[in-house]
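Work through the exercises below with the sequence and coordinates at hand. Each task is followed by its solution.

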Amino acid sequence: MVKKDNSYEENESVTWEKLQSEQFKNYRVVKRNLIFNVLIYVLIFLIEYWLALQSGAEVLKADAFNNLSGVISTFLLIVGIHIASDEDETRLIGFPVSDQNELSNQKRVRLSRFRFETIFTLVTSILMIGIAVNIISGGIHALMNLKTQKIPNPIGIVGAGISVILILLIYIINYSSGKKTNSAALLASAQDSLGDILTSVGTAVSIFVVWKFGIRWIDSVASIVIGCFILYSGFKIFLESSLNLADYFNPRKEEKYKKVILNNPQIKSVPGLTAHYNGSLVTVEAEVTVSGKMTVKESFILAEQIEETLKQECGVSDTKIIFYPNEI
């Protein structure tokens with residue numbers, strides 16, 4: 001592996017501090033957006049729940065709790081991102097990271113903090129699954145007692161309509177900011193919001209059908225469908241977060257990184273490559289073979305080129321290269 005001199009250590013330290021500073025800046029933007037999300041989702045929940053009580057629409061009540069799950073999940077994401085962006089290292093891990101002698105150890109400890117975003121996303125998914133089970137069981141209970149179920153008042157459609165408009169606003173803001181900051185949390189929230197829009201539209205349609213044609217079972221079935229949608233989303237987020245925390249990385253993406261490295265004519269082969277998620281940051285460790293005649297300085301320059309290429313083409317935040325001679 002390339003041996004680093006003091007000037008390299010200094011340059012690498014400056015580069016890392018810049019990366020960390022940019023990530024903290026992005027986190028501040030993400031937190032502002034998520035706080036706005038919480039306020040809007042709370043408003044939607046209160047409006048829909050009150051109108052559900054007034055109209056007697058079970059599906060609107062289910063949609064209200066669907067949006068309540070958005071409040072809970074977003075709040076937990078805010079907590080996770082706040083911890084991940086806490087610049088007081090002593091408060092986070094009990095000692096200053098700068099006490100670590102090697103820069104690589106400092107980076108490893110500091111990168112691990114960004115996993116709090118993933119941990120709280122995992123907790124969120126568990127809560128979503130719990131809410132979904134409650135909605136589904138409520139819908140099944142209502143379906144088994146259709147005789148006591150009332151025809152909902154069409155005022156419930158107003159609640160669903162307000163929900164669609166407000167969540168559409170959230171989706172636009174989250175998607176735009178998520179693309180700018182490369183935030184997995186915001187992009188996931190945007191995707192979740194898109195699903196919430198569809199459920200609210202479905203809620204409005206089902207209330208109208210039940211009110212217009214008197215088909216009572218549609219209200220209960222629609223609430224069960226919404227519950228199943230939340231359950232599916234919860235399991236999907238749970239699986240993705242669990243795999244990230246277990247250090248799983250998509251092999252197709254790793255193959256893509258290998259191909260990008262092999263595009264450099266000085267690289268003979270890439271016998272090994274491992275990528276990791278640290279929150280929304282991606283880091284790569286790669287083993288490459290090069291000419292045995294390559295000097296230390298040349299290999300150092302090559303490593304910098306590879307790191308910059310992966311950063312520009314694949315959004316990789318940090319790359320570690322281990323060199324092996326092509327011939328012995």
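Helices (H or I, at least four residues) and strands (E, at least two) are DSSP runs, numbered from the N terminus. The model is predicted: local features need pLDDT of at least 70, side-chain atom pairs count only at pLDDT 80 or more, and totals for chains, interfaces and linings use all residues. Residues are numbered from 1 along each chain as its sequence is written, and side-chain values use heavy atoms, with hydrogens and water left out.

**Exercise 1.** List the elements of the protein chain in order.

Solution. Begin with the totals: 10 helices and 3 strands. Read from the N terminus, the order is α-α-α-α-α-α-α-α-α-β-β-α-β.

**Exercise 2.** Compare the span of helix H8 with the expected value, then inspect what follows H8.

Solution. H8 covers residues 217–245, 29 residues in total. The expected span is 1.5 Å times one less than the number of residues, here 42 Å. From first to last C-alpha, H8 reaches 42 Å, close to that value. After H8 comes aspartate 247, with a positive phi near 70 degrees.

**Exercise 3.** Locate the largest nonpolar core (buried Ala, Val, Leu, Ile, Met, Phe, Trp, Tyr and Cys residues joined through side-chain atoms within 4.5 Å).

Solution. Buried means under 20% relative accessible area with a 1.4 Å probe, protein chains only; 46% of the 328 residues qualify. The largest core has 22 residues, and Ile267 and Val288 are among those with the most contacts inside it. H9, E1, E2, H10 and E3 each supply at least two of its residues. Contacts (heavy atoms within 4.5 Å) of isoleucine 267 beyond four places in sequence include Ile261, Val288 and Ile306. A second, separate core of 19 residues includes Val30 and Leu186.

Definitions and conventions: Buried means under 20% relative accessible area, exposed over 50%, partly exposed in between (1.4 Å probe, protein chains only).
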